[in-house]
Amino acid sequence: MTTQTNASTQQTGNAAQATTAPGTAGQKKPAATHSLGTAEGHDGRGRTTVADGVVAKIAGIAIQEIDGVHALGGGAARAIGNLRERVGQKDLTQGVSVEVGQTQVAVDVTLVVEYPHPLQQVADNARDAVYSAVEDLVGMEVTEVNITITDIHVPSEDNDDEADDAGHEPRVA
């Protein structure tokens, strides 16, 4: 996303904002309405650019706070994510991809839901969280949030291996 203002408007005043070149009028006006903070960028002090990765990270953080979400990403992404976490680097964009336009954002999310949470409810809550976070923090309209649930996490799966080792006597001496 690029939020920009015309730097020359500071020299010529606000009248220059209304009269721009025919090919650039459509580009600058929508971008200026989606600047960050309280300044709308109309004062000619510069432009603000938000990278796609920042939008993806905001969406990822919002989703991880939803009850019932166990992990983000598919199997391979989670395996790589586990390795990163072991060396102290958590990828907050794992399982999140975004397409950022001039004024709108589309988000695709892959996640694993904890059993026995209702899948549709978790997906709806995650979708609502992404809409709120991106629209509030980035200031862009979210057109769609597509959620793919690739797996469910059964808590007993993690504890089965430990319980088998501790609860059974060895079969051979």
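Select Asp124 and Arg127 to begin: their side chains meet in a salt bridge, with 3.2 Å from N to O. The model on screen is a predicted one. Both residues belong to helix α6, where they sit three residues apart, about one turn of the helix. An α-helix has 3.6 residues a turn, so residues three or four places apart point the same way.

Colour the pair by accessibility next. Asp124 is partly exposed, because its relative accessible area of 32% falls between the 20% limit for buried and the 50% limit for exposed. Arg127, at 23% relative accessibility, also counts as partly exposed. How many salt bridges does the count come to? The count comes to one salt bridge.

Now zoom out to the whole chain. Its secondary structure consists of seven helices and six strands. Follow the chain along its sequence and the elements appear in the pattern β-α-α-α-β-α-β-α-β-β-α-β-α. The chain has 173 residues, and 29% of them count as buried. Among contacts with a separation of 6 or more, 75% are between residues 24 or more positions apart.

Select helix α4, residues 52–64. This helix has 13 residues. From the first C-alpha to the last, α4 reaches 19 Å, close to the 18 Å expected at 1.5 Å a residue. Which residues of α4 are buried? They are Val55, Ala56, Ile58, Ala59, Gly60, Ala62 and Ile63.

Keep those residues selected and show what lies over them. The cover includes three strands, β3 (69–72), β4 (96–100) and β5 (104–114). Helix α6 (119–137) is also part of the cover. This is the helix from the start of the tour, the one that holds Asp124 and Arg127.

Turn on the surface for the next stop. The chain exposes about 10700 Å², and carbon and sulfur atoms supply 49% of that area. Select Tyr115, Leu119 and Ile152 on this surface. Together they form a nonpolar patch with about 270 Å² of accessible area.

End on one member of the patch, Ile152. Where is Ile152 found? It is in strand β6, which covers residues 141–153. Is Ile152 buried, partly exposed or exposed? With a relative accessibility of 33%, Ile152 counts as partly exposed. Patch members need over 30% relative accessible area, so Ile152 at 33% passes that cut-off.

Note on methods:
Residues are numbered from 1 along each chain as its sequence is written. This is a predicted model: local features need pLDDT of at least 70, side-chain atom pairs count only at pLDDT 80 or more; totals for chains, interfaces and linings use all residues. Side-chain values use heavy atoms; hydrogens and water are left out. Helices (H or I, at least four residues) and strands (E, at least two) are DSSP runs, numbered from the N terminus. Buried means under 20% relative accessible area, exposed over 50%, partly exposed in between (1.4 Å probe, protein chains only). Contact means heavy atoms within 4.5 Å. Accessible areas come from the Shrake-Rupley method with a 1.4 Å probe; for residues, only the protein chains shown count as cover. Patches are made of residues with over 30% relative accessible area and no salt bridge: like charges are joined within 9 Å, nonpolar side chains (Val, Leu, Ile, Met, Phe, Trp, Tyr) within 5 Å. A salt bridge is a side-chain nitrogen of Lys or Arg within 4 Å of a carboxyl oxygen of Asp or Glu. The expected span of a helix is 1.5 Å times one less than its number of residues.
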